[in-house]
Amino acid sequence: MYLPDFDYYSPATVHDACLTLARLEGGGRVLAGGTDLLPQMKNGTLAPTALVSLKEIRELGDIAYVPGRGVVIGARATQNGLVRSAALQERYPAVCETAHGMANNQVRNRGTIGGNLVSAVPSADLPPILIALGASVTVAAPGQTRSIPLESFFVRPRCSVIAPDQVVTEVVIPDQATTGSAYIKFGLRRSGALAVVGVAVSVVARGMHVDEVRIVLGAVSPTPVRACEAEGLLKGNTVTEGLLEEVGRAAGQGCRPITDIRGSDEYRRDMVAVFTRRAIRKALGLADGTGRSR
Ligand SMILES: Cc1cc2nc3c(=O)[nH]c(=O)nc-3n(C[C@H](O)[C@H](O)[C@H](O)COP(=O)(O)OP(=O)(O)OC[C@H]3O[C@@H](n4cnc5c(N)ncnc54)[C@H](O)[C@@H]3O)c2cc1C
């Protein structure tokens with residue numbers, strides 16, 4: 001399978017990238033790492049007339065802690081860039097761990113956080129943990145930028161709120177009181193597997209007492225989804241085995257999984273219950289229920 005013909009642009013600024021995309025009137029696509037886009041072009045799913053590469057916009061690769069804003073991650077930061085980031089390791093190690101569990105080393109060297117979000121694939125690994133941490137994305141359009149909570153970024157599979165002439169420039173994880181967070185996924189292989197179920201949790205806890213909690217499910221609804229009923233059961237309560245059972249069950253009931261080659265909807269609901277319990281335990285720093293402790 002060969003790539004179809006396309007024009008190629010490599011602007012040096014975000015402003016020029018937006019203007020180029022606007023001139024292409026919907027026919028162009030942003031090219032970041034290409035690990036999602038190029039296979040789609042090769043198999044004929046997509047046929048953009050032009051690609052607008054972000055590779056010359058150097059500052060989009062940076063990851064830094066900015067006092068007053070939080071950890072600011074450039075959209076071109078790669079998955080391995082997330083793994084190695086000192087700012088993330090210090091404040092949000094669950095993001096590093098999530099990135100480390102993605103794909104394989106070659107893909108992690110190319111695949112970017114921006115591409116992972118904009119591709120809006122329901123099984124993508126970064127959206128659940130970033131939503132659990134209250135992240136927002138900064139989107140640039142010709143002449144303006146806006147910030148969008150990641151929780152309202154996804155519309156349906158392979159569709160986000162951004163328009164064809166817009167570029168995601170950064171992802172911001174705000175400062176917060178979180179005492180622990182975790183993302184765990186169930187895939188059909190040990191490595192390089194897409195999530196059949198992915199669960200992210202962040203908590204503000206005092207010992208076993210949970211003051212605040214966010215639980216986000218991936219791969220079991222058309223977009224990543226908060227498990228609000230499960231959160232309500234946990235918030236303000238002290239964790240017991242019985243409560244974890246109840247919370248897991250509520251999370252399993254609250255999603256809309258599909259049946260496909262990787263698992264039935266019923267199986268996925270059961271796995272959501274199991275993985276929700278494990279992710280909560282992990283975020284609380286407890287043994288995760290598989291015999292391992294962290
Ligand atoms: C072998 C393999 C294994 C994989 N395993 C996993 C996995 O375990 N978990 C997982 O979540 N994903 C996985 N993926 C999917 C993919 O690698 C990731 O989603 C990756 O992060 C995509 O980033 P990219 O930079 O390559 O995106 P690209 O392919 O460059 O772009 C993807 C889409 O996003 C758009 N885009 C990219 N950046 C921007 C931006 N800044 N602003 C606006 N639009 C933008 C592009 O136009 C395109 O539509 C895997 C892929 C492969 C090939």
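These legends walk you through several close-up views of a predicted model. Residues are numbered from 1 along each chain, following the sequence as it is written. Because the model is predicted, local features need pLDDT of at least 70 and side-chain atom pairs count only at pLDDT 80 or more, while totals for chains, interfaces and linings use all residues.

**View 1. Three domains along the chain.**
The domain assignment splits the protein chain into domain 1 (7-53), domain 2 (58-173) and domain 3 (180-283); such bounds come from an automatic or database domain assignment. Taken over C-alpha atoms, the centres of domain 1 and domain 2 are 18 Å apart. Their contact takes 14 residues from domain 1 and 17 residues from domain 2. Here, two residues are in contact if their C-beta atoms, placed from the backbone, lie within 7 Å. On the side of domain 1 that touches domain 2, the elements giving two or more residues are α1 and β2, and α1 gives the most, with six residues. By class, this side of domain 1 has eight nonpolar, five polar and one charged residues. Ala, Val, Leu, Ile, Met, Phe, Trp, Tyr, Cys and Pro count as nonpolar, Asp, Glu, Lys and Arg as charged, and the others, Gly among them, as polar.

**View 2. An open sheet of three strands with a helix on it.**
Follow the strands across the sheet and you will meet them in the order β1-β3-β2, with parallel pairing. Helices (H or I, at least four residues) and strands (E, at least two) are DSSP runs, numbered from the N terminus, and two strands pair if DSSP finds at least two bridges between them. β1 (7-9) and β2 (28-31) stand at the edges with a single partner strand each, so one side of each has no neighbour in the sheet. From one strand to the next, the twist averages 25 degrees. β1 and β3 (residues 50-53) are joined in the parallel sense over three bridges, and Asp 7 has Ala 50 as its bridge partner in β3. Helix α1 (residues 14-23) packs on the sheet and touches β1, β2 and β3, with its direction at about 170 degrees to that of β3. For such angles, axes are lines fitted to C-alpha atoms, for helices over the stretch in contact, and angles run from 0 to 180 degrees between N-to-C directions.

**View 3. Lys 42 in helix α2.**
Look for Lys 42 in helix α2 (residues 37-42). Lys 42 counts as partly exposed because it has 13 C-beta neighbours inside 10 Å. A residue is buried if 20 or more other C-beta atoms lie within 10 Å of its own, exposed if 12 or fewer, and partly exposed in between, with C-beta atoms placed from the backbone. Although Lys 42 and Tyr 2 are 40 residues apart along the chain, their C-alpha atoms are separated by 5.7 Å. Leaving out residues up to four places away in sequence, Lys 42 touches Met 1 and Leu 3.

**View 4. The shell around the ligand.**
Of the 28 residues around the ligand, Ala 32, Gly 33, Gly 111, Gly 114 and Gly 115 come nearest; a residue is near a molecule if its C-beta atom, placed from the backbone, lies within 6 Å of it. Domain 1 (7-53) and domain 2 (58-173) each give at least three residues to this shell. At least two residues come from each of β2, α6 (105-110), α7 (113-118) and β10 (167-173), and α7 makes the largest share, four residues. The shell divides into 14 nonpolar, ten polar and four charged residues.

**View 5. Strand β10 and its partners.**
Six of the seven residues of β10 are buried, so this strand is largely enclosed by the rest of the structure. Strand β5 (residues 70-74) runs antiparallel to β10 and is joined to it by four bridges, with Gly 74 opposite Glu 170. Strand β6 (residues 136-141) also pairs with β10 in the antiparallel sense, over five bridges; there, Val 139 is partnered by Val 168.

**View 6. Pro 127 in helix α8.**
Pro 127 counts as buried because it has 27 C-beta neighbours inside 10 Å. Apart from neighbours within four places in sequence, Pro 127 is in contact with Leu 117, Leu 150, Phe 154, Gly 218 and Pro 224.
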